[in-house]
Every structure is written in structure tokens, then in C-alpha cells.
Amino acid sequence: MRAVDLIRKKRDSGEHTRPEIDFLIASFTRGEIPDYQMAAWLMAAWLRGLNRAELTFLTEAMLHSGEILDHSAIPGKKVDKHSTGGVGDKTSLILAPIVAAGGLTVPMISGRGLGHTGGTLDKLEAIPGFNTALTLKEFRHVLSACGMGLIGQTAEIAPADKKIYALRDATSTVESIGLICASIMSKKLAEGIDVLVLDVKTGSGAFMKSKKDAVALAQTMVGIGQSVGKKVVALITDMNQPLGRVAGHSNEIVECVEVLSGGGPADLRELSIELSAWMFFYGQKTASLASGRRLAAEIIASGKAKAKFRQAIELQGGDPRVVEEPRRLPQALSRVEVPSPRGGYITATNCENLGIALAILGGGRERKEDRIDHGVGLEFHARIGERVKKGQPLATIHYNSDAKLAEAREMISESYEISGAPPKVKNPLIYQTILKDKARDAPSPRRRRTR
Ligand code: URA
């Protein structure tokens, strides 16, 4: 078998067999297929799509590129959450301490920033000393000691996703139902969890811009997870504007601590509690979702969630003093406001461009080897539906270099749609909950081609 033939087959809309996908993934993981051939195949798969059978083969091949962890020595349920990504989406760093403080184990394997979205690992690395590259032995020790651990893929855990993820980020091949599903489910199924809660974003700052695509992605992931015996639920949530009031790595850590301390923005707090509630409910810690919500709120109010975050930081080599003293996080040297070009109501934001503006300031990667500037960030002052005056700040940029400042500033200014009347509809924070894959019994999976 040759990679070039598989690229041609997908380019010409062919359907791959399991041995073909196994060959592609195993050879690429071993370094026998170069990046340029994998990048070409990814683009062909992005353009032509993968049917349900192909994406099951892909998920399984990526899952088996490494080990499947066994945490059976740790008592109780192992639960996790994964988001498809957005701007200012930082709920992992809030719900992991809440859920661990509530007595469940959260063995979280996360990703880096992808496209215009931020990544949990990059955010954690804003904390001086925080080690996201623990060995599996160290990971198990941290999990047993405090009930949560946050690491990236290693040579042992879904290494194929680690390599493919970095390539997709740099080749504009992210927004694909098949590729996102295989990426998320391969690393999540490798974690050795019983329960997975998925946060599938939709809107201008999500990979799935339409709700229909978000639902299709959610159903596919729920179906794949349930077919291997996991308890999986997906929430379709809004990403038409940033989640919370800030984006950027240090900034986001600070906002997470605010929520863990009982404050923070309402949308971020509500979503973090809802996702935690599902983890408690499906992890059999509470008898209902409502009692899961109450438990999450109580754990925050008691200070236990914040203390758990501090403990987790310390156990992973980070400086826990950032929790009380956020100035210990990398800070940008300068700040500048982005004024509203006119008065009126904010009716929409181009949330993807807000994420891109952050990336071009140094808060994201253009090439896979780029280093993140953890200090740069954005503060968002105006939300959809709010009224602004001409000249009133829409956002504040925290920056370290003038090089791309003008470009970012213009991009942010143009990302806000301002009209004379308020928006007619208000987007809910949570649109829908997907409990099962309704399309699973469709007559022929081969007819379900997803891009
Ligand atoms: N998150 C992932 O882990 N993978 C994707 O492809 C998109 C979001």
C-alpha cells in the first residue's frame, strides 16, 4: 500500500477500507509517511468527507496508535468533559476541580489551541512551572492524590492525534465532522473513563457554524462513545460570542479562579455548573441532574473547588500562588482599547475573527512550531444585545509588540455588528442536549457522508 494512492482515492471521492485507514495512521505515527502526504490526505478528507464507517475506522486506528489507560486501581467513576473548542472557552479548568472535589476522578487529556480556538494545555502552561507532559506513572500518582490530572497526548496516548492535530492546525483542515470526531473520541476513549460529557459549540466562533452540523457532530460522537460502552452525553452550546469576558492564556486562568471563588461572569459560571452537573449525574454521584447542579454550586461556595485547583497546580509542578496572586502569571506590557466606531446595539460578533485577532497578537499559532505568548489577551466589554455609545470601548487588547497591533485592532473593531435596534432573537447558552445518536440506525452508514 502507498500513501499517494490513498490520497488519490480520497481526492477522487473513494471510500477507504479499514486496512487502508490502519495503514495510513500507523505509518504516519511511526514517521514513515511524511507530513506533506498526510496534509494532502487531510485536505482530501476535509473536502470529500468521511462516511460513518470510515470515521469509525479512523477513530479506532487513532485510538490504537497508543495505549488505553487503565485506572481500575483508583476507586470510583472516571469522568471527563471535552469541548469542540471556542473563544474564551475555559470550562475544563473550572469543572475539573469542582468534580474532583466532589469525589469523582477526572483524568483529562487535552489539546493545544487549534485554529482560532484556545487549548487547555496552552492555558495551563501560562502557570509558571506547570507540567502538562507528565509520564503515565506521574499522571496516575497525581490522579490518586487529588482526583484530577491534566495532560496532553504522549507517545503512549493517542499519539496519532497529537501529530495530526498539529498538522490540521497549520493546514486549515480543522472544521470537519469526521476529523473532529476522530480526534476527540480517540484521545477520550484512551483515557480509561466511564463517562464523557461533550460540549459541542455552534455559532460564529465554533468550528461548526450551523446548529445542524453541531448536532450531526454531537450525534456521531455520542454514537461512537456509546457503541464502546461509555456513558456519553453532548450539550450543544452557544459560541456566537466569547464565553466569559476574557480570552488569552493568563487572562483565562484569572477568570477561572474568579468562578472557582464564587464570582466570575454568569455565562461561564452557568455552563461550568451545567457540565459539572452532568458529570456528577452520569458518574452516579447524584441521583439527578438538578442535584448535580446543587452539588457543583455548593462545592464552589465551600471553597473546596478553589482549594482543589491549587492542589492540582502544585502536584503538576506549577506555582499554586497564582491562585491568590494572579500577577505571578505572565503579563502583557501594554494595553489599548478598541472603541466602538458608532453607537447602537450589538447584534452579532464575528467570534472567529476575535480568536484570530488574539492569535495574530501572539496568543495562537500560525505554524505548528510557533510559541504562544501567554501574556497577551483580550477583554470583552460589550455583549450581544447591549447598547454602546460611539467611542465606548468594545474590547481592551493586552499586547507585547506593536508589529500586528493595528491589524488586530481593526479586526476586533470590525468583528462587532452594531445596529439601530436590538437583535430580534436572543441565543440561549445551551441549545440542546443529545442523549443518543438518532442516525445510528440509518439504513446505510455509507450514505452518511460527513465533512
Ligand atoms: N478538539 C479536539 O480535540 N480535536 C478537534 O479536532 C477539535 C477540537
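## Two pockets and two unusual phi angles

The residues lining the largest pocket split into 9 nonpolar, 7 polar and 7 charged. Keep in mind that this is a predicted model. Below is a quick tour of that pocket, then the second largest one, and finally a pair of non-glycine residues with positive phi, S13 and A158.

**Largest pocket**

- The space inside the largest pocket comes to about 540 Å³.
- Its lining is made up of 23 residues, and the ones nearest the centre are Q241, R383, I384, K426 and N427.
- Looking for secondary structure in the wall? Helix α12 (266-282) and strand β9 (344-349) each put in at least two lining residues.
- As for domains, domain 2 (79-153 + 171-325 + 429-441) and domain 3 (331-419) each contribute at least three residues to the lining of the largest pocket.

**Second largest pocket**

- Here the space is about 450 Å³.
- Again 23 residues form the lining, with G115, I356, A359, R365 and E366 lying nearest the centre of the second largest pocket.
- Two elements, α8 (159-171) and α15 (351-363), give two or more residues to this lining.
- Of the contributors, α15 gives the most, supplying 6 residues.
- Sorted by class, the lining of the second largest pocket holds 9 charged, 7 polar and 7 nonpolar residues.
- So where does the second largest pocket sit relative to domain 2 and domain 3? It lies between them, because domain 2 (79-153 + 171-325 + 429-441) and domain 3 (331-419) both give residues to its lining.

**Positive phi outside glycine: S13**

- S13 isn't a glycine, yet its phi is positive, at about 70 degrees.
- You'll find S13 in the loop that links α1 (3-11) to α2 (18-29).
- Is S13 buried, exposed or partly exposed? With a relative accessible area of 37%, S13 is partly exposed, since that value falls between the 20% cut-off for buried and the 50% cut-off for exposed.

**Positive phi outside glycine: A158**

- A158 is another residue other than glycine with a positive phi, this one near 40 degrees.
- A158 sits in the loop between β4 (148-152) and α8, and α8 is one of the elements that give two or more residues to the lining of the second largest pocket.
- A158 counts as buried because its relative accessibility is 0%, and the cut-off for buried is under 20%.

Note on methods: Residues are numbered from 1 along each chain as its sequence is written. This is a predicted model: local features need pLDDT of at least 70, side-chain atom pairs count only at pLDDT 80 or more; totals for chains, interfaces and linings use all residues. Side-chain values use heavy atoms; hydrogens and water are left out. On a 1 Å grid over the protein atoms alone, a cavity is a set of points where a 1.4 Å probe fits but cannot get out, and a pocket is an open set with protein on both sides within 12 Å along at least five of seven lines; lining residues have an atom within 4 Å of a point. Grid points are joined across faces, edges and corners, and a volume is the space filled by probe spheres set on the points. Helices (H or I, at least four residues) and strands (E, at least two) are DSSP runs, numbered from the N terminus. Ala, Val, Leu, Ile, Met, Phe, Trp, Tyr, Cys and Pro count as nonpolar, Asp, Glu, Lys and Arg as charged, and the others, Gly among them, as polar. Domain bounds come from an automatic or database domain assignment. Buried means under 20% relative accessible area, exposed over 50%, partly exposed in between (1.4 Å probe, protein chains only).
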